[in-house]
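Dear colleague,

Please find below the structure that I am handing over to you. My notes on what was found in it follow directly after.

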Amino acid sequence: MNDGMSRRAAIGFGATAVLAAGAGKAAKASDPIAVVSTWDFGKAANEAALARFKAGGTALDAVEAGARVPEADPTNHSVGYGGYPDRTAM
């Protein structure tokens with residue numbers, strides 16, 4: 001981000017805004033939760049995110065746990081370790 005905000009801070013800001021707009025209180029592991037993905041590799045990311053949240057992590061912890069899955073996958077060419085630098089590299 002060009003204003004110096006870290007990715008963690010930006011995600012935390014977004015998660016906080018969603019929680020504030022929705023329930024007005026912090027979410028708990030016992031609350032109903034939905035995790036949504038738009039890509040096939042999202043299933044493993046969703047499972048990691050949900051597991052972290054149910055283990056007592058915050059919503060931000062869950063987002064980070066989910067993001068780590070595709071970012072560490074060398075076979076996923078969209079982001080992270082196996083990611084191509086741009087769409088023309090495919």
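Two residues are said to be in contact when heavy atoms of theirs lie within 4.5 Å. On that basis, 34% of the contacts in the protein chain between residues at least 6 apart in sequence join residues at least 24 apart. Please bear in mind throughout that this is a predicted model.

Overall composition

The protein chain holds three helices and zero strands, and its elements run α-α-α from the N terminus on. Of its 90 residues, 19% are buried. The accessible surface of the chain amounts to about 6500 Å², and carbon and sulfur atoms account for 60% of that surface.

Helix α2

Helix α2 comprises the 13 residues 42-54. At 1.5 Å a residue, a helix of 13 residues should span 18 Å, and the end C-alpha atoms of α2 are indeed 18 Å apart, so expectation and model agree. Its buried residues are Gly42, Ala45, Asn46, Ala49 and Phe53. These residues cover an arc of only 100 degrees around the axis, and therefore they are on the same side of α2. On the other side of the helix, Lys43 and Lys54 are exposed.

What do the buried residues of α2 pack against? Their partner is α3, which covers residues 59-71. After α2 comes Gly56, which has a positive phi near 105 degrees.

Two residues of α2 deserve a separate word. Asn46 has a relative accessibility of 18% and therefore counts as buried, the cut-off for buried being under 20%. Leaving aside neighbours within four places in sequence, Asn46 is in contact with Val35, Val36 and Ser37. Ala44 also has its place in helix α2, but at 38% relative accessibility Ala44 counts as partly exposed. The C-alpha atoms of Ala44 and Val69 are 7.0 Å apart in space, although 25 residues separate the two in sequence.

Helix α3

Helix α3 has 13 residues as well. From its first C-alpha to its last it reaches 19 Å, close to the 18 Å expected at 1.5 Å a residue. The buried residues of α3 are Leu60, Asp61, Ala62, Glu64, Ala65, Gly66 and Pro70.

Salt bridges

How many salt bridges does a search of the whole structure find? The search finds two. Side chains of opposite charge can pair when their charged atoms come close.

One salt bridge joins the side chains of Arg52 and Asp61, at 3.6 Å from N to O. Arg52 counts as partly exposed, with 34% relative accessibility, whereas Asp61 is among the buried residues of α3.

The side chains of Arg68 and Glu64 also meet in a salt bridge, at 3.9 Å from N to O. Arg68 and Glu64 are four residues apart in helix α3, so about one helical turn separates them. Are these two residues buried or exposed? Arg68 is exposed, with a relative accessible area of 51%, while Glu64 counts as buried at 17% relative accessibility.

The segment after α3

Thr75 and Asn76 both lie in the segment after α3. Thr75 is exposed, with a relative accessible area of 58%. The side chain of Thr75 is joined to that of Asp73 by a polar contact of 2.6 Å.

Asn76, by contrast, counts as buried, at 6% relative accessibility. Which residues does Asn76 touch, not counting those up to four places away in sequence? They are Phe41, Pro70, Gly82 and Gly83. Of these, Pro70 is also one of the buried residues of α3. Phe41 is 35 residues from Asn76 in sequence, and the C-alpha atoms of the two are 7.8 Å apart in space. In addition, a polar contact of 2.7 Å links the side chains of Asn76 and Ser78.

In brief, the main points for a reader new to the structure are the packing of the buried residues of α2 against α3, the two salt bridges, and the buried Asn76 in the segment after α3.

With kind regards

How values were computed. Residues numbered from 1 in each chain as written. Predicted model: local features only at pLDDT ≥ 70, side-chain atom pairs only at ≥ 80, totals over all residues. Heavy atoms only, no water. Helix = DSSP H or I, 4+ residues; strand = E, 2+ residues; numbered from the N terminus. Expected span 1.5 Å × (residues − 1). Buried < 20%, exposed > 50% of the residue type's maximum accessible area, 1.4 Å probe, protein only. Arc of directions from axis to C-beta. Areas by Shrake-Rupley, 256 points an atom, 1.4 Å probe, with all protein chains shown as cover. Polar contact = N/O pair within 3.5 Å; in protein donor to acceptor, adjacent residues only side chain to side chain. Salt bridge = Lys/Arg side-chain N within 4 Å of Asp/Glu carboxyl O.
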